[in-house]
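Open the model in your viewer and keep the sequence panel visible. Each stop below gives a selection to make and then says what is there.

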Amino acid sequence: MAERGERALFRRLRLRLTVVCTAVTGLILLAMACAALAVGRAQLTARAEAAFESEVNAICYHLRGQTVVDHTWIAQTEAGGLTLYLELSGAPVLYPPGQTDPERAALVALAREKALEAFAFDLSVPPDGAFQQERQMFQFQDGAGQRFRAAAVRIPQEQGWIGLLVLRSMAGEEREVLIQCAAVFSFAALALVMLAVFAWLFTRRAMRPLEESRRRQTEFIAAASHELRSPLAVIHASLSAAGDAPDEKRRHFLSLADGECMRMSRLVGDMLSLANADSGSWSICREETEPETLLLDSAEHFEGRAGEKGIRLLAELPEEPLPRCQWDRQRISQLLSILLDNAVSYTPPGGVIRLSARQEGDWIRLRVADTGPGIPDEEKARVFTRFYRADQARTGREHYGLGLCIALEIVQLHSGEITVEDGETGGAVFSVWLPAE
């Protein structure tokens, strides 16, 4: 039930992270899209204005030297999407000749009205100068909401003047703007969908270590609670029995309670070490270290305990001296103590434990081999997990399955590697590779 609740919690957290990531990035993407559209629209408008002004200049240049307006030229000019209205000294030039187009007439009248209202520009009034043409460029909107670019021009001639009104619909520009908007926002919507999918997948991958850490923490607490319950029960039972027991029995029960207290102290110390490793506050103090000295000191420390069990403990050193290494001496001693403690605990009487060291390239290999029951192949990858013990043959009341976890943390702090394999004649062989420099 708790596991399902945790999965639901992580799923909701993942969904929230995906929504927040998509929303924030979507706002940024939308802002960029709007900015791109604004720049694109400004460029499009600038090009359209320049093109319209160029057309007006070409028309004015043509008309300036003309005394007669050619309807064929008007037809060819309007074929490009323009609408022309001309007056010769205030007299309108009808086009199409002999015909009246109400819509065209209404559009021209509206344009003349806008020019008169906005600029007091009247085509029927002669220009002020005899040589300089007068021009006003503007935009207006007809009754149907269609926008137009317009140019009102008075061109002086030797006799009289030409009044010119040039109109071009902006429907093509607006259509192009709409196409740009549709393209940009379609791309943005597709990018947003792809971003949401990526965020969903990315958050799953990003949260996987968090979920694994939460799972390991839950398992660690559950296992620690289980392990602590046993010595507490023994202590409680021993103290209760010691109350009414004779002196000899009382001493026995108190000895049992004291032993369980020592076991609990060791367990709590190991748990604190792993907690410091998990929080990243477990550091090492490197100093110049002689590997041979560490091996001999560790072997001497466990020699008495091994002798009590009838186990031979052999320290094997290479013929050539090993280089001095920059290790944390106390942590490496702790590492060797963990490996030797496991070996002594799981090796039967009459067995042999070999502790050796040798240089392999840029690495120093420390090796602890025992003649115990060994570890099944399917269990080797799990011996470094917390509170794990391979099988009943390699369990003991004095071990909680935390030692090898601590050993792994020490090796990783030194940027090394630790492995376990079968010995040539049985048993387990733990090998540690540490940097020689």
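**Two cysteines**

Select Cys261, which is partly exposed, with a relative accessible area of 39%. Buried means under 20% relative accessible area, exposed over 50%, and partly exposed in between (1.4 Å probe, protein chains only). Next select Cys285: this residue is exposed, at 54%. A disulfide is a covalent bond between the sulfur atoms of two cysteines. With a disulfide taken as a pair of cysteine sulfur atoms within 2.5 Å, the count comes to 0.

**What kind of model this is**

This is a predicted model, in which local features need pLDDT of at least 70 and side-chain atom pairs count only at pLDDT 80 or more, while totals for chains, interfaces and linings use all residues. Residues are numbered from 1 along each chain as its sequence is written, and side-chain values use heavy atoms, leaving out hydrogens and water.

Colour the chain by pLDDT, the predictor's confidence in each residue, from 0 to 100. The mean for the protein chain is 83, and 89% of its residues reach 70 or more. Among the elements, helix α5 (residues 247-279) has the lowest mean pLDDT, 74, and β10 has the highest, 94. Helices (H or I, at least four residues) and strands (E, at least two) are DSSP runs, numbered from the N terminus. Now select residues 391-397, where pLDDT stays under 50.

**The largest nonpolar core**

A nonpolar core is a set of buried Ala, Val, Leu, Ile, Met, Phe, Trp, Tyr and Cys residues joined through side-chain atoms within 4.5 Å. Which residues touch the most other members of the largest one? Select Ile332, Leu335, Leu339, Ile353, Leu366, Phe430 and Val432; these do, out of 40 residues in that core. Elements that each supply at least two residues include α6 (291-308), α7 (329-346) and β12 (428-435). Helix α7 gives the most, with 8 residues.

Centre the view on Val432. Among the residues in contact with Val432 (heavy atoms within 4.5 Å) are Leu335, Leu339, Leu366 and Ile418, not counting residues up to four places away in sequence. A second, separate core has 19 residues, including Val56, Cys60, Leu84 and Ile162.

**Aromatic rings**

A pair of aromatic rings is described by the distance of the centres and the angle of the planes. Rings of Phe, Tyr and Trp (its six-membered ring) pair if their centres lie within 6.5 Å; planes under 30 degrees apart count as stacked, over 60 as edge-to-face and the rest as tilted. The whole structure has 5 aromatic pairs.

Select Phe138 and Phe140: their ring centres are 6.2 Å apart and their planes at 40°, so this pair is tilted. Both residues are buried. Add Phe119 and Phe148 to see one aromatic cluster of Phe119, Phe138, Phe140 and Phe148.

Then select Phe384 and Phe430, an edge-to-face pair, 6.3 Å centre to centre with 90° between the planes. Phe384 lies in the loop between β10 and α8 and Phe430 in strand β12, so the pair ties together parts 46 residues apart in sequence. Phe384 is buried at 15% relative accessible area, and Phe430 is buried at 3%.

**Last stop: strand β7**

Select Arg312, in strand β7 (residues 312-316). Arg312 is exposed, with a relative accessible area of 51%. Arg312 touches Gly351, Val352 and Ile353, not counting residues up to four places away in sequence. Arg312 and Gly351 are 39 residues apart in sequence, yet 6.5 Å apart in space, C-alpha to C-alpha.
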